[in-house]
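Colleague: Please take me through one part of this predicted model in detail. Pick one stretch and start from a single residue in it. Then work outward to the rest of the chain.

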Amino acid sequence: MKPLNQIQTMLVCLTLYFFLAGPVAAQQLKIATLAPDGSSWMIALNEAADAVEEQTEGRVSIRYYPGGVMGDANAIFRRMRLGQLNGGVFTLGDLVSISGAANLYSLPFVFDSLDEIQALRPDYDPLILAALEEGGLIVPGIALGGFAYLFGRDAFPEPAALDTDWRVWVQPDDLLSRETLRRLGVSPVPLPLAEVYTALQTGALNTFASTTSGAIILQWHTRARHMLDLPVLMTGGTIGFDPRSLSRLSESDRNILLERFAETMQKLEESNLAENERARQALVSQGIQIDSPTSSQLETWRREADQTLQDLLDSGRIEIPHFDAMMQDLEALRASP
């Protein structure tokens, strides 16, 4: 009877183990974003969340906090460190605090066209994502938002005529843009995104850089009469997850999550670029004059932006991993037939 008793004991133990272990607990990821409900970003993000929940059979769900209710990017990062949030939606500029590599595509006056950036992305997207993961943020992919252009109440003068009466908006943490503008002789005004429209109304700002669609969505275009047809810098955004949160998912569920959101970033990029084309036409129809840059503007602004960037790199005030390699690849690209 002893062997039978041993078998019975083993069966009882296995039964208790599976009973007590039960199914893997469902994980809800809490994600904050400045994007308002009903925006194209929130529509796409909600679709991705639904797909993740369906394909993981309910083991992973996502709850969004839209419209900035959790604060700006710095507040989101702080809440992630405290475990109150599991991730957030960020601009590329927001991610510079994690790794300067996030700035590779957003350097002022470096790129002439979207095609140049797209040609470099197969090599540099993986490097950017790896640098962000090393810094503590897992990012499934990047959605480019299109080039930002300068908007103002008046036509942009020749570089020698610029002065501090030109009050230009910059994001508070964007040291490179701020120093570039100072070098050009204008007044950079650091403000959170939510305060820009009021500042344009009161005259605290009279110039800003934005994508064409962003200018309309935010209603900033109502405070401008001119747009300079010169790409300033590439914008972009993404969703980022706390690695500790993803470590609680099974490998298969984690892969599903990252794959669905990588696809969503690609769809959002396509949507962003299409919206910019439509917005450009809408700006013209609403009386915004699109001015071609002069040769002096092109030469001077690019030269001063390049020198500002080099000075900041040499002084160690900013770090941009892979910058030298990217610039060599960009020069080779431009030299190719």
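**A close look at helix α9 and its surroundings**

Modeller: Phe 261 sits in helix α9. With a relative accessible area of 0%, Phe 261 is buried. That is under the 20% cut-off for buried. Leaving out residues up to four places away in sequence, Phe 261 touches Leu 45, Ala 48, Ala 49, Val 52, Ile 62, Tyr 64, Pro 140, Ile 239 and Phe 241. One C-alpha pair shows how the fold brings remote segments together. Phe 261 and Val 139 are 122 residues apart along the chain, and their C-alpha atoms are separated by 9.0 Å.

Now the helix itself. Helix α9 covers residues 251-285, which is 35 residues. At 1.5 Å a residue, helix α9 should span 51 Å. The C-alpha atoms at its ends are 51 Å apart, so expectation and model agree. Just after α9, Gly 287 takes a positive phi of about 95°.

Ser 271 is also in helix α9. Ser 271 has 25% relative accessibility, so it counts as partly exposed, whereas Phe 261 is buried. Ser 271 has a remote partner as well. Its C-alpha atom is 9.9 Å from that of Leu 144, and the two residues are 127 apart along the chain.

Next, two loop residues that share partners with this part. Phe 241, touched by Phe 261, is also in contact with Asn 86. Asn 86 lies in the loop between α3 (73-81) and β3 (87-91). At 8% relative accessibility, Asn 86 counts as buried. Its side chain reaches the backbone nitrogen of Lys 30 at 2.7 Å. Beyond its neighbours within four places in sequence, Asn 86 is in contact with residues including Gln 28, Leu 29, Lys 30, Ile 31 and Met 80. Its contacts also include Gly 240, Asp 242, Ser 245 and Arg 248.

The second loop residue is Thr 211, between β7 (207-210) and α7. Thr 211 has 10% relative accessibility and counts as buried. A polar atom of its side chain lies 3.0 Å from the backbone nitrogen of Gly 214. Thr 211 is in contact with Asn 276. Setting aside neighbours within four places in sequence, its other contacts are Gly 145, Gly 146, Phe 147, Ala 148, Phe 151 and Thr 235.

On the far side of α7 comes another loop. Leu 218 lies between α7 (212-217) and β8 (226-241). At 35% relative accessible area, Leu 218 is partly exposed. Leu 218 joins Leu 34, Leu 193 and Ile 217 in a nonpolar surface patch of about 360 Å².

Charged pairs come next. Side chains of opposite charge can pair when their charged atoms come close. The loop between α7 and β8 gives one case. Arg 225 forms a salt bridge with Asp 154, with the closest N and O atoms 3.6 Å apart. Arg 225 is in that loop and Asp 154 in the loop between β4 (143-152) and β5 (167-170), so the pair ties together parts 71 residues apart in sequence. Arg 225 is partly exposed at 49% relative accessibility, and Asp 154 is partly exposed at 45%.

A second salt bridge joins Glu 116 and Arg 334, with closest N and O atoms 2.8 Å apart. Glu 116 belongs to helix α4 (residues 114-134) and Arg 334 to helix α11 (residues 323-335), so this pair ties together parts 218 residues apart in sequence. Here Glu 116 is buried at 10% relative accessibility, while Arg 334 is partly exposed at 40%.

A third links Asp 311 and Arg 183 at 3.2 Å, N to O. Asp 311 lies in helix α10 (residues 295-315) and Arg 183 in helix α5 (residues 175-184), so the pair ties together parts 128 residues apart in sequence. Asp 311 is partly exposed at 34%, as is Arg 183 at 37%. Both belong to a salt-bridge network with Glu 299, Arg 303 and Glu 304. The count of salt bridges comes to 17.

Finally, the whole chain. The protein chain has 11 helices and nine strands. Its C-alpha atoms fill a box of roughly 100 × 40 × 35 Å along the principal axes. Of its 337 residues, 48% are buried. Among contacts between residues at least 6 apart in sequence, 75% join residues at least 24 apart. The chain exposes about 16800 Å², and carbon and sulfur atoms supply 53% of that.

Methods: Residues numbered from 1 in each chain as written. Predicted model: local features only at pLDDT ≥ 70, side-chain atom pairs only at ≥ 80, totals over all residues. Heavy atoms only, no water. Helix = DSSP H or I, 4+ residues; strand = E, 2+ residues; numbered from the N terminus. Expected span 1.5 Å × (residues − 1). Buried < 20%, exposed > 50% of the residue type's maximum accessible area, 1.4 Å probe, protein only. Contact = heavy atoms within 4.5 Å. Polar contact = N/O pair within 3.5 Å; in protein donor to acceptor, adjacent residues only side chain to side chain. Patch = residues over 30% accessible without salt bridge, like charges linked within 9 Å, V, L, I, M, F, W, Y side chains within 5 Å. Areas by Shrake-Rupley, 256 points an atom, 1.4 Å probe, with all protein chains shown as cover. Salt bridge = Lys/Arg side-chain N within 4 Å of Asp/Glu carboxyl O.
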